[in-house]
Amino acid sequence: MSIVRMSAMFGRTLREAPADADSANHQLLLRSGLIVQLAAGVYSFLPPAWRTLRKIEQIIRDEMENAGSQELRMPAIQPRELWEESGRADSYGPVLFNLKDRRDRTMVLAPTHEESVTDLFRKVVQSYRDLPQSVFQMQTKFRDEPRPRGGLVRVREFIMKDAYTFDVDDDAFQLSYLAMRQAYHNIFDRCGVPVVAVQADSGAIGGKQSEEFIFLTEIGEDNIILCQSCGYAANQERAEFARSDAAGSDGELEEVATPGVATIDDLAAFLDVPASATAKAAFFLVDGDPIFAVIRGDLEVNELKLLTALDGLEIRPLLPEEVEAAGWVAGYASPIGVDPTRVVVDPSIVDGGGLVAGGNKVDVHLRHVTYGRDYTAGVIADIGLAEAGHGCPQCDSALEMQRGIELGHIFKLGTRYADPMDATFLDADGERRTPIMGCYGIGVERLMAAVVQANHDEFGIVWPHAVAPFDVHIVPLGAGDEVAQAVQQVTDALADAGLHVLCDDRDERAGVKFNDADLLGAPLRITIGARGLKDGLVELKPRRASEPSPTPLADAAEAALAAVHASAEV
RNA sequence: CGGGGUGUAGCUCAGCUUGGCAGAGCGCACGGUUUGGGGCCGUGAGGCCGGCGGUUCAAAUCCGCCCACCCCGACCA
């Protein structure tokens with residue numbers, strides 16, 4: 001297929017990792033000379049990295065097409081009006097890169113393509129006969145992230161594979177969704193990255209249900225809640241959990257002096273009751289309104305769940321002066337007497353019986369505060385933050401928590417975009433109907449980072465063959481015609497057999513070459529040196545093997561092919 | 001945007017406390033030696049010490065402002 005001579009390769013390896021790099025994959029990608037940073041969250045991809053990205057793209061393309069999706073291309077530059085039409089100009093606002101064209105029209109660099117694909121649909125599809133449809137693209141996305149981080153994990157310009165399905169109804173949608181779901185498992189398998197599918201919050205994309213494909217790793221930025229017994233898995237953002245038994249006690253409302261006791265821990269210790277016998281108040285600003293959230297003292301509030309429960313767009317904790325302005329006393333706040341439309345309670349409160357809560361006066365709490373009798377809430381909803389040790393919502397076993405990177409996300413959009421953008425079709429009865437949409441994303445560079453993170457050792461990258469930039473790395477040692485001839489013979493044979501060969505023809509010492517070979521991580525290394533050739537031998541060493549195996553020069557190419565194909569099985 | 005940190009040679013970092021000629025290792029170029037896991041010797045190139053302003057006889061060093069990048073939080077593929 002092709003031969004790259006290392007003396008001519010664009011890019012260089014580094015002995016030391018740049019200080020900015022934290023994670024193993026980031027360090028290795030930099031050290032191996034695969035990527036170079038231009039600005040925060042903006043990277044160049046040098047030839048070997050680009051080869052790997054193209055291989056990953058090809059795997060994705062392959063699986064998408066197997067799942068019946070058709071590749072197309074949509075613009076990266078879009079009129080802002082499109083985003084106003086869907087109602088996302090504001091919710092996505094800060095992340096949008098804005099620019100003006102020469103006619104002073106505001107354009108955006110697309111961070112994702114739900115709007116454009118919905119626009120395409122309404123211009124192209126009219127009849128149920130055209131459905132279902134499934135399309136995908138691999139397109140550069142631009143997001144002005146609040147904080148790029150972790151090398152390629154979170155960047156501002158990146159390639160995303162995004163797919164979209166359109167179905168006549170929910171039942172049909174389920175088939176499309178499951179096909180994509182399976183394709184996703186296949187993609188990550190083929191790239192050599194273990195993933196777990198977890199329930200997720202759909203965030204700014206919108207829609208009803210979604211699943212994330214998570215690579216579990218300590219460098220991940222998401223918290224994943226897992227049950228080892230039944231397999232329940234969810235992002236902490238939306239993970240459910242079983243509340244432990246209530247510890248409240250019933251009785252008349254009763255004031256109790258609690259001087260200087262302003263935290264749940266202090267309160268429980270002071271009164272000698274478990275934290276689960278108390279009620280915790282937490283204050284938030286949701287879309288401009290102060291909200292009084294109540295949850296049992298041993299639990300924390302999940303802000304995202306609270307936001308979802310209120311159907312809100314934006315949430316943050318209330319500032320101390322805002323708490324005061326709302327008439328609430330931090331540390332001693334009581335839900336009693338608060339406008340119920342401002343109050344949200346967790347089920348742990350409703351079922352909790354009489355709990356110790358604030359008295360709305362400094363240094364005073366109330367015993368036996370009982371939901372329904374003493375106060376009510378406009379919203380009762382699960383707003384609890386699931387944590388390790390909590391009960392599994394399915395089987396009540398103890399939950400675990402691990403970090404993970406989100407590599408893919410698949411959503412049921414329902415009619416979130418088709419409705420506001422008026423995308424419809426005519427059904428068999430001539431009725432105008434709205435398609436059920438799904439969307440399915442994968443971050444391509446992020447996937448490459450995960451491949452490296454999941455496949456490396458102390459010496460360098462250990463590429464899975466399917467995405468390796470080179471199939472074989474040839475290391476000639478020593479000058480002389482004999483070596484040169486043998487190298488040429490093996491290199492040509494492998495290239496002719498369709499492999500991508502990297503040949504380290506540099507005038508470097510053996511140690512340098514071996515170290516770079518380990519760093520660059522091709523699946524197979526072939527060492528051709530004067531010493532071995534005296535006995536007619538070369539050495540084959542799969543990157544994963546600890547020791548090389550001597551092989552007669554005459555058999556080298558064939559053995560190498562076999563080894564490469566064997567490594568493809570891994 | 002809030003909190004923390006770092007900016008000195010291509011990379012890793014000293015020097016800053018206590019102001020006084022810009023440094024080391026690696027890398028790079030050249031020569032020699034060596035030649036199977038980043039070897040050794042020598043010579044050399046390479047710097048607006050992130051930027052602007054201030055203090056001072058004198059600023060990498062002290063002061064102020066700004067910028068960039070990294071880490072922690074709010075956000076996502």
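Me: What makes a pair of atoms a polar contact?
Reply: A polar contact is a pair of N or O atoms within 3.5 Å; within protein, one must be able to donate a hydrogen and the other to accept it, and residues adjacent in sequence count only if both atoms are side-chain atoms. A backbone N or O atom of Gly532 lies 3.4 Å from a base oxygen of RNA strand B, so the pair is within 3.5 Å and is called a polar contact. The model is predicted, with local features needing pLDDT of at least 70 and side-chain atom pairs pLDDT 80 or more, while totals for chains, interfaces and linings use all residues. Residues are numbered from 1 along each chain as its sequence is written, chains are lettered from A and ligands numbered from 1 in the order in which they are written, and side-chain values use heavy atoms, without hydrogens and water.

Me: Which other atoms of RNA strand B have an N or O atom of Asp20 or Gly150 as partner?
Reply: An N or O atom in the side chain of Asp20 is 3.1 Å from a sugar or linking oxygen of RNA strand B, and a backbone N or O atom of Gly150 lies 3.2 Å from a phosphate oxygen of that RNA strand.

Me: How do you know that a residue is near RNA strand B, and how many residues surround it?
Reply: A residue is near a strand if one of its heavy atoms lies within 4 Å of it. RNA strand B is surrounded by 48 residues, the closest being Ala19, Arg143, Arg147, Asp518 and Glu539. Of the atoms of RNA strand B that come within 4 Å of the protein, sugar and phosphate account for 45%. The element giving the most to this surface is α13, with seven residues; helices (H or I, at least four residues) and strands (E, at least two) are DSSP runs, numbered from the N terminus.

Me: Why is strand β8 called largely enclosed?
Reply: Buried means under 20% relative accessible area, exposed over 50%, and partly exposed in between (1.4 Å probe, protein chains only). Eight of the 10 residues of β8 (residues 133-142) are buried, so the strand is largely enclosed by the rest of the structure.

Me: What makes β8 and β9 a pair?
Reply: Two strands pair if DSSP finds at least two bridges between them. Strand β9 (residues 157-167) is joined to β8 by 10 bridges and runs antiparallel to it, with Ala163 in β9 as the bridge partner of Phe136. Strand β4 (residues 70-71) has two bridges to β8, in the parallel sense, and Gln70 stands opposite Val135.
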